[in-house]
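Thanks for making time for this one. I would like to walk through a structure that I have been looking at, going from a single sheet up to the way the chains meet.

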4 protein chains.
Amino acid sequence: MNVCIIGVGYWGPNLVRNFLSCSLVDLVYCYDKDSEKLNSIKQKFPSVVLINSWDELLDDKSITAVAIATPVSTHYDLAKQCLLADKHVLLEKPMAHSYQEAIELTELAKSKQLILLIDHIFIYTSAVQKMKELVNSGEIGEINYFDSTRINLGLFQHDVNVIWDLAPHDLSIMLYLMDKHPVAVFATGVDHLNNGLEDIAYLTLYFEDKTIAHFHLSWISPVKVRKMIVGGSKKMIVYDDMMSDEKIKIYDKGFDVLDEEVKNECLVQYRIGDIHVPTLLNSEALTIEVNHFIDCCVNGSQPMTCGAQGALVVKILEAAQESIKVNQKVSL
Amino acid sequence: MNVCIIGVGYWGPNLVRNFLSCSLVDLVYCYDKDSEKLNSIKQKFPSVVLINSWDELLDDKSITAVAIATPVSTHYDLAKQCLLADKHVLLEKPMAHSYQEAIELTELAKSKQLILLIDHIFIYTSAVQKMKELVNSGEIGEINYFDSTRINLGLFQHDVNVIWDLAPHDLSIMLYLMDKHPVAVFATGVDHLNNGLEDIAYLTLYFEDKTIAHFHLSWISPVKVRKMIVGGSKKMIVYDDMMSDEKIKIYDKGFDVLDEEVKNECLVQYRIGDIHVPTLLNSEALTIEVNHFIDCCVNGSQPMTCGAQGALVVKILEAAQESIKVNQKVSL
Amino acid sequence: MNVCIIGVGYWGPNLVRNFLSCSLVDLVYCYDKDSEKLNSIKQKFPSVVLINSWDELLDDKSITAVAIATPVSTHYDLAKQCLLADKHVLLEKPMAHSYQEAIELTELAKSKQLILLIDHIFIYTSAVQKMKELVNSGEIGEINYFDSTRINLGLFQHDVNVIWDLAPHDLSIMLYLMDKHPVAVFATGVDHLNNGLEDIAYLTLYFEDKTIAHFHLSWISPVKVRKMIVGGSKKMIVYDDMMSDEKIKIYDKGFDVLDEEVKNECLVQYRIGDIHVPTLLNSEALTIEVNHFIDCCVNGSQPMTCGAQGALVVKILEAAQESIKVNQKVSL
Amino acid sequence: MNVCIIGVGYWGPNLVRNFLSCSLVDLVYCYDKDSEKLNSIKQKFPSVVLINSWDELLDDKSITAVAIATPVSTHYDLAKQCLLADKHVLLEKPMAHSYQEAIELTELAKSKQLILLIDHIFIYTSAVQKMKELVNSGEIGEINYFDSTRINLGLFQHDVNVIWDLAPHDLSIMLYLMDKHPVAVFATGVDHLNNGLEDIAYLTLYFEDKTIAHFHLSWISPVKVRKMIVGGSKKMIVYDDMMSDEKIKIYDKGFDVLDEEVKNECLVQYRIGDIHVPTLLNSEALTIEVNHFIDCCVNGSQPMTCGAQGALVVKILEAAQESIKVNQKVSL
């Protein structure tokens, strides 16, 4: 099986490295509009094969899969062409600029029985997998709330705001952990550069029941924080991605509503138990994702981060953007 | 000068202890509807004088000041009666249940030339005083944003929700540090006990310019966090009240918008400089507040946490409550 | 039962407060050579009874127990007189200036069937009790090493060096956790004030087997650290007393020596498992200790921190002092 | 200029990568007894030139410098042959198994006017350079003590004990920061595997004045710590290498001895001032070291980590080993 990496700027080289060490992959091709970047990738990974024209890439039937790591604005168009040319696609997040485009890609892949995997990379970390396991086992109970902070004095992007840049990570994790979908979103954000691209933003997601999810996103924080709290009815998880060890802590803490009769005395009883810190495998998420992609291509199985989930993320991003504009809650 | 502490349950004993060690105070009286609590305070502080009837307290002209530490619902009524009886008032926060009542108290105190100090205790900490000094000196520059988190697996209150319980702390600090007032608020919150009292809530405050302030409040968090970020145009402050040392860290970090001409290349330039951790005096905030109150009573000077500020806090709380109800931004 | 607290300067008031709230104690007496301190304790705790002469204290048969919180140099003499006067004794640590004196007190108490409890207060914390439980249950395995750090920019003492001031805490904990006794000690220390009182010191304790224990003690550290590692053959404990939560962390980590045959390949196999953070009761150690003392007095049972253990601590302190002097390992 | 990397197992590839990106280096050669490792390095870095025989390497006059990253036991012999063959040498630490050998290499390099740089890599970190700057400027004052902890559940080595494995880092930093040399060493250590290789060890270094330096080294700790305290008479530094930010904290803390006359009252006065956290450049130490080496080769200047310093490190290691054996302080 031959794979072509499209776009070898910032993230592409990581894809190249991982596909190169994938035993099921024969040849790794690279394509980039910028020939300087193409030459540079060849120097770093001499075994890659360079492709110099887009049509050549589409026409080459030996290339059965591509990985697209180009700017967001090009995702829809490039992915569509590749799918139409019968190639499996691993697509960078966010998968498109609009929900409509995202759905179109998803349906195109489905109708052509091709794999479309969205690069929601955190899903492939052992931390998120451990959280999923804890949720699935029932150990956490019902999820009452989800609170996420992803802030840094970061790389201002030129084409997307802080929501489109950072929120896909947190939204994909939330959707992966929860078995219910949000029904509305409210968002606030400010662009301190007056360029229409928010650098700080807050998102609130509403569900049909009393679940609530909240996201703090910023490029202008003095400290780097990547932290989530998953508040379950039985236990609570704190996921701190900045820790080298102890990324996941499970708190046997919570509260119970007491029976009516005692209510006048004290409505609530607290449970304060032990903390458990599970060992996590120290594996590279992208390695697992790339192997999973190849596996899906070979076996025709559904990816963990499929187009439908990627489209749902885009739907929320779009609604959040609309909410900032109209200054109101927006239904999903 | 004689002072009477009204309400000696949870917080009252701290007021008693501090007024007792105040050199300008002659006698410390105590009043509580609950005679058991009154006896208990006498046992702990034998030098206090107990008052057994409310009218006796109002009529006693030798008592020129009171400190009210009763449930929120009683604040307005008790404070009003004390002011009408020509007594200076130190009043627990939040000062009232509505902005109208808060303003009425403030104006009553003004018209009678009495001191009305609201117990926004954090204003009297050396941490907040240090931040005020940094803001006033211009070292921080313009405040771009204010982000606050005050969460814990905490004491569910029976009479107020998490906003009325915790937000007065953060709102009073924000108002004290900023020289501009918010113009609107959006709030979200959920009551997991189905009793109409939210246990988790998020507040966003809007200003006339691009400043933004955000508050995360919770009684149902597995971890205790009391952290604020003050994002200035020149420097940024992180105030972590859970640290025994290093409560205040000043980051010489920020970003500058580049001139038009370079804009195509790179819109933003980052400044990453040193961190400074100032030494803070290890003083008890309530001691400073009580002495400040006595000082204001004696000299007729305006308290740092006057009725007007307390009323503004209540105005925001009221609007936040309304916002949750109508599910929309509410103007202030 | 009546108790007299002897010495009401720095630590004495805590003893007074705790004995006052002890239901089995009828009257709490206080004695101090300094009448100013005596008056001050009466003001703070009006229900105490002051004793103005030492002989009066000894002669008063109604006082069946004393708690001695005076400078180290007076411990032996005061405790001896109290024991001879048939009073149970709770004695501040270190219990004496020499092992000989410590043993004499221990034997005197034994021969008179009186309780002698040494105030090794950390033994009564829930953290140390939890560690003891973990060691006893076999969960930790054999203790391979014990490493302790107790440093701060602290209160230079005028009568004892940093070893006599701080090491009793760590030595008492170590002796309580281990079922074997050290056989030699090596110590190093420096007095930067040139007054013969070391302000920084390192102690190494040797055992008959390969167990090793090490102590870092300092009054001149910029940071406050109170941390111990207990390295077991099955699991390891880190005890960080500066944490408000998570004082005790149990690491399912270790190493196994492989069989001879595989040895050439790899001598050691690591075990890296989960971390467990047990909930600890938030009780005041001194309250538990005082109640335990009263209990021992009433029931004639042996205290958890008896004279023999206190004497062993003194023996090690004495040997450490000698080691610094002669610059060599000293046998115990 | 052509360079040959000798030994391309664990550390060698990092040397290869850095020499390859060095503009003054023309060709990078590689040599290893293990041809599998040689082939593997060629695959990873296709532009390197492989050398298959040791004699070929020595004879090739175009190779004017080598970097040796082989096991400790081979350092002396390989380095000597390379120096005799007129090649500059970058040598892995510790540079030899004995002080005598280390001195011989140093003198050989000197007599042949060749560069001998020992790979004490921490000297090239921005953290250590910042500390050196602080010490040199006089801001820290006289160094009173140096306390270092380098512990982990680590890689048991098969040829050297934990002292020879880890202490070279800390000793080289200490020697670099201090302008005085230790005069004696006491060391303790235990080999829990009974193989003669200590896995936990404590070193104390003595100076002619009251300075003291202490090192805690371990392969069997449940937590990874790499922390140093440099206690100066004016300020103190804490260097925590495990922090991603804030590696260096400068504490304006200390103590002053008061004049004789006040001595009876209080011997010591504490200074508790602010903490300063300088920004550090985020550069790779090995890159700086490799460029420094090339620079020294070209200009004939003395390396920052020369043979003499490397030899002093070995001298202390040797004495520490002796101290464990004879169970006594050993003079240097």
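What follows is a short tour in four stops: a sheet, a pair of helices, and then two contacts between chains.

Please keep in mind throughout that this is a predicted model, and that everything I quote has been computed from it.

Let me begin inside chain D, where an open sheet of 6 strands follows the order 3-2-1-4-5-6 with parallel pairing. At its edges lie strand 3, residues 49-51, and strand 6, residues 116-118, each of which pairs on one side only. If we ignore direction, neighbouring strands of this sheet are turned against each other by 20 degrees on average. Within that order, strand 1, residues 2-6, pairs with strand 4, residues 63-68, of chain D in the parallel sense, over 5 bridges. For those who want to find this pairing on the screen, D:Cys4 has D:Val66 in strand 4 of chain D as its bridge partner.

The next stop is a helix pair in chain A. In general, two packed helices are described by the angle between their axes and the distance between the axes. Here helix 6, residues 126-136, and helix 7, residues 162-177, of chain A have axes that come within 9 Å and cross at roughly 30 degrees. Angles under 35 degrees count as roughly parallel, and helix 6 of chain A and helix 7 of chain A are therefore roughly parallel to each other. The crossing in which helix 6 of chain A passes helix 7 of chain A is right-handed. Which residues of the two helices meet? From helix 6 of chain A they are A:Val128, A:Met131, A:Lys132 and A:Val135, and from helix 7 of chain A they are A:Ile173, A:Tyr176 and A:Leu177. By class, this contact of helix 6 with helix 7 of chain A divides into 6 nonpolar residues, no polar ones and 1 charged.

Now to the contact of chain A with chain B. A turn of 180 degrees, with a shift of 0.0 Å along the axis, lays chain A on chain B with an RMSD of 0.0 Å, and the two copies are thus related as by a two-fold rotation axis. In chain A, the C-alpha nearest that axis belongs to A:Gln328, which is 3.2 Å from it. Of the interface residues of chain A, 100% are also interface residues in chain B, so the copies meet through the same surface. The contact between them takes 35 residues from chain A and 35 residues from chain B. On the side of chain A that touches chain B, strand 11 of chain A supplies the largest share, with 6 residues, and the residues of that side divide into 21 nonpolar, 11 polar and 3 charged.

Finally, chain D also touches chain B, and this contact takes 9 residues from chain D and 9 residues from chain B. The side of chain D that touches chain B has 4 nonpolar, 3 polar and 2 charged residues. Strand 14, residues 268-277, of chain B and strand 14, residues 268-277, of chain D run antiparallel and are joined by 3 bridges, with B:Val277 standing opposite D:Ile275 in strand 14 of chain D. Chain D is superposed on chain B, at an RMSD of 0.0 Å, by a rotation of 180 degrees with 0.0 Å of shift along its axis. The C-alpha of chain D nearest this axis is that of D:His276, 2.4 Å from it.

How values were computed: Residues are numbered from 1 along each chain as its sequence is written. Chains are lettered from A and ligands numbered from 1 in the order in which they are written. This is a predicted model: local features need pLDDT of at least 70, side-chain atom pairs count only at pLDDT 80 or more; totals for chains, interfaces and linings use all residues. Axes are lines fitted to C-alpha atoms, for helices over the stretch in contact, and angles run from 0 to 180 degrees between N-to-C directions. Helices (H or I, at least four residues) and strands (E, at least two) are DSSP runs, numbered from the N terminus. Angles under 35 degrees count as roughly parallel, over 145 as roughly antiparallel, 65 to 115 as roughly perpendicular and the rest as oblique. A crossing is left-handed if the near helix is turned anticlockwise from the far one by less than a right angle, and right-handed if clockwise. Two residues are in contact if their C-beta atoms, placed from the backbone, lie within 7 Å. Ala, Val, Leu, Ile, Met, Phe, Trp, Tyr, Cys and Pro count as nonpolar, Asp, Glu, Lys and Arg as charged, and the others, Gly among them, as polar. Copies are superposed by least squares on the C-alpha atoms of residues with pLDDT of at least 70 in both. Two strands pair if DSSP finds at least two bridges between them.
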